[in-house]
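Dear colleague,

I am handing over a structure that I would like you to look through when you have a moment. Below the display I set out what was found in it, grouped by region.

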Amino acid sequence: MLKVVRSEVISLVKKVIATKNAPGGELAGLLSQGIQAGDFLFLCGQIGKDPKTGKMVEGIQEQTRQAIQNMKTILEAAGMSLKNVVKVVVFLNDLADYGEMNKAYMPFFREDPPARSCVETKLLKGLLVELDATAYGKA
């Protein structure tokens, strides 16, 4: 037998987070850089594309660092920071790059790192890594 002790109605307002200072904004209409739903922020996959030049940076460590910088920019547009990130999914073009990716990733999340998964997949040409993140916290 299931007994309901307390019942609440939760209203989630979906808010689009967008900034010209990170990749993805040029794809408006196809995707959102971030969607805030309640206290959660869901970021679209971030890549190692420099928003100033519009070009991909070279190498797995450089792409990882740039992808995290892009995540940070979107988080800041929502009033959050990397400390709010609770989950990251790492997509690698080649799992052999895991160690080098980790060297670039770890300095950003030294204290209370988020939960993380890593999968090998076929990424678009030129991409070595893509990071998908979820953040939590009041903006």
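A residue counts as buried here when its relative accessible area is under 20% and as exposed when it is over 50%, with partly exposed in between. Please keep in mind throughout that this is a predicted model.

With that cut-off in hand, L92 is a convenient place to begin: its relative accessible area is 0%, and therefore L92 is buried. L92 belongs to strand β4, which covers residues 85–92, and its C-alpha lies 4.8 Å from that of E120, although 28 residues separate L92 and E120 in sequence.

As for the overall layout, the protein chain has two helices and six strands, and these follow one another along the sequence in the pattern β-β-β-α-β-α-β-β. The protein chain is made up of 139 residues, of which 36% count as buried.

A second contact between parts that are distant in sequence involves E130, which is found in strand β6 (residues 129–136). E130 and V90 are 40 residues apart in sequence, yet their C-alpha atoms are 6.0 Å apart in space. The relative accessibility of E130 is 23%, which lies between the two cut-offs, so E130 is classed as partly exposed.

Turning to the aromatic side chains, the count comes to three aromatic pairs. One of them joins Y105 and F109, with 4.9 Å from centre to centre and 35 degrees between the planes, an arrangement classed as tilted. Y105 is buried because its relative accessibility is 2%, and F109, at a relative accessible area of 4%, is buried as well. Y105 has a further partner, since the charged end of R116 sits over its ring, at 4.4 Å from the ring centre. Elsewhere, ring pairs link F40, F42 and Y136 into a cluster.

F109 also appears in the lining of the second largest pocket, for which the computed volume is about 170 Å³. The lining consists of L82, K83, V85, F108, F109, R110, E111, D112, P113 and P114; sorted by class, it has six nonpolar and four charged residues, with no polar residues.

Among these lining residues, D112 deserves a closer look for its backbone. D112 is located in the loop between α2 (98–105) and β5 (115–120), and its phi is near 50 degrees, a positive value in a residue other than glycine. Most residues other than glycine have a negative phi. The relative accessible area of D112 is 66%, and so D112 is exposed.

Lastly, how many disulfides does the structure hold? The number is zero. As regards two of the cysteines, C44 has a relative accessible area of 16% and is therefore buried, whereas C118, at 27%, is partly exposed.

If you would like a starting point in the viewer, I would suggest the part of the model around Y105 and F109, which form the tilted pair, and then the pocket lining that includes F109 and D112.

With best regards

Note on methods:
Residues are numbered from 1 along each chain as its sequence is written. This is a predicted model: local features need pLDDT of at least 70, side-chain atom pairs count only at pLDDT 80 or more; totals for chains, interfaces and linings use all residues. Side-chain values use heavy atoms; hydrogens and water are left out. On a 1 Å grid over the protein atoms alone, a cavity is a set of points where a 1.4 Å probe fits but cannot get out, and a pocket is an open set with protein on both sides within 12 Å along at least five of seven lines; lining residues have an atom within 4 Å of a point. Grid points are joined across faces, edges and corners, and a volume is the space filled by probe spheres set on the points. Ala, Val, Leu, Ile, Met, Phe, Trp, Tyr, Cys and Pro count as nonpolar, Asp, Glu, Lys and Arg as charged, and the others, Gly among them, as polar. A disulfide is a pair of cysteine sulfur atoms within 2.5 Å. Buried means under 20% relative accessible area, exposed over 50%, partly exposed in between (1.4 Å probe, protein chains only). Rings of Phe, Tyr and Trp (its six-membered ring) pair if their centres lie within 6.5 Å; planes under 30 degrees apart count as stacked, over 60 as edge-to-face and the rest as tilted. A charge sits over a ring if NZ of Lys or CZ of Arg is within 6 Å of the ring centre and within 35 degrees of the ring normal. Helices (H or I, at least four residues) and strands (E, at least two) are DSSP runs, numbered from the N terminus.
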